[in-house]
Amino acid sequence: MRLRVFLSIFSLLTLFFLFSCKGEKNINPTDNTANSDSVNIPQFCADSAMLSIETQCAFGPRTLGSKAHEDCAAYIIEAFKAQNLDVTRQEADFTLYNGERFRGCNIIAAYKPELTERILICAHWDSRPWADNDPDPANHHTPVLAANDGASGIAVMLEIARLLKAQNPEVGVDFICFDAEDAGVPEWETNFSGNEQLTWCLGSQHWANNPHRTDFRFGILLDMVGAKDAKFYKELFSQRYASGVIAHVWNAAREAGYSSVFVDEDGGGITDDHLPLNTITQIPTIDIIPYFPHMEHSFGATWHTVSDTPANIDPNTLKAVGQTLLHVIYHF
């Protein structure tokens, strides 16, 4: 079932900013690092991020070629523009594993593009077209609403963009919303004989071959950063290509008080949007992605199922990730 949207993009943005956290202190009283360095680190507002997730999901599954996809693109673009960021819509033609072609876009939003010291933060904004890991086989051809696997990363970036506008850091930040990350070969497909890895992450592959700039100190990819009880382990390819960035971000998580969420242990290797950035553009980029080692699916119970809805998002997880990234930015 697809949710209908009766609010205009303007109305949605008005609600988004109206319900942004008000009156929070700039420094967590338990954050001794922020106090000692006299750096005022803003407080990430999980409620604001939750509202953004609900807004994105209200459009319906953001699959290539759908009205929900186009409507959500407009929402994301206007949300970044509202924070006075320079926004570019990078159009691209994507060919799926089965030969279907769709027009899509990456969305690039730059904070202080004139600065040469820069960080890249990215996430994908599309929805999986098929709930091919759902426990009910009847749902395997149903699109995923993608509250966690897509909307959560975008929501974290939008909230960070809002805070950057309010309290300017000393570093430039580019946000990239990658399209067509989740269009890879479905589990139920038995006739595909090509390179399966290349059927995923189409938007980041396109951007890596057509980057708007590459002078980033490092990159951070956010993927599925809102699940309940999520823990983030050190992903294999992130360590291979960007071990120093892993160390930096995990140290920031410790300083922010989230060492229990950012686990100091190894996780598995993931085909994700950070791979084209590392291998093609050679921007050292890590993947902040959950790992559930004791579950059937290590990405969690809602991964690629119809249960990936806002009801299964935990604001505490959003807060842990968002606050960690703010520590990275403001201690650059």
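In the predicted model, Q90 is located in strand 1, which spans residues 86-95. With a relative accessibility of 12%, Q90 falls in the buried class, because that class takes in residues under 20% relative accessible area. The side chain of Q90 approaches the backbone oxygen of N210 to 2.8 Å. N210 also appears among the residues in contact with Q90 once neighbours within four places in sequence are set aside; the others are G104, C105, N106, I108, H206 and W207.

The chain that contains this strand comprises nine helices and eight strands. Of its 332 residues, 58% count as buried. Among contacts in the chain with a separation of 6 or more, 78% are accounted for by residues 24 or more positions apart.

A second buried position is V249, whose relative accessible area is 0%. V249 belongs to helix 7, formed by residues 236-256. Apart from residues up to four places away in sequence, V249 touches I220, F262, I286, I288, T324 and V328. For one of these partners, F262, the C-alpha to C-alpha distance from V249 is 9.0 Å, at a sequence separation of 13 residues.

T302 lies outside the helices and strands, in the loop between strand 8 (285-288) and helix 9. This residue is nevertheless buried, at a relative accessible area of 18%. Leaving aside neighbours within four places in sequence, the contacts of T302 are with S307, D308 and N312. T302 and N133 are separated by 169 residues in sequence, while their C-alpha atoms are 8.6 Å apart in space.

Aromatic rings were examined next. A pair of such rings is described by the distance of the centres and the angle of the planes. Eleven aromatic pairs were counted in the model. In the pair formed by F218 and F332, the ring centres are 6.3 Å apart and the planes meet at 40°, so the arrangement is classed as tilted. This pair links distant parts of the chain, with F218 in strand 5 (residues 218-222) and F332 in the segment after helix 9 (315-330), 114 residues apart. The two partners fall into separate accessibility classes: F218 is buried, at a relative accessible area of 6%, whereas F332 is partly exposed, at 34%. The pair of F299 and W303 is edge-to-face, with 5.0 Å from centre to centre and 65° between the planes. F299 and W303 are both buried. A single aromatic cluster is formed by Y97, W130, W188 and F192.

F299 takes part in a further feature of the model, as one of the residues that line the largest cavity. The structure holds one cavity of 30 Å³ or more, and the volume of the largest cavity is about 60 Å³. Besides F299, the lining includes Y233, K234 and E235, the glycines G267 and G268, and I270, I289, P290 and Y291. By residue class, the lining of the largest cavity consists of six nonpolar, two polar and two charged residues. The charged residues of this lining are K234 and E235, because Lys and Glu count as charged. G267 and G268 supply the polar part, because Gly is counted as polar.

Note on methods. Residues numbered from 1 in each chain as written. Predicted model: local features only at pLDDT ≥ 70, side-chain atom pairs only at ≥ 80, totals over all residues. Heavy atoms only, no water. 1 Å grid on protein atoms, 1.4 Å probe; cavity = no way out; pocket = protein on both sides within 12 Å on 5 of 7 lines; lining within 4 Å. Points joined across faces, edges and corners; volume = space filled by probe spheres on them. Phe/Tyr/Trp six-rings, centres within 6.5 Å; stacked < 30°, edge-to-face > 60°. Helix = DSSP H or I, 4+ residues; strand = E, 2+ residues; numbered from the N terminus. Buried < 20%, exposed > 50% of the residue type's maximum accessible area, 1.4 Å probe, protein only. Polar contact = N/O pair within 3.5 Å; in protein donor to acceptor, adjacent residues only side chain to side chain. Contact = heavy atoms within 4.5 Å.
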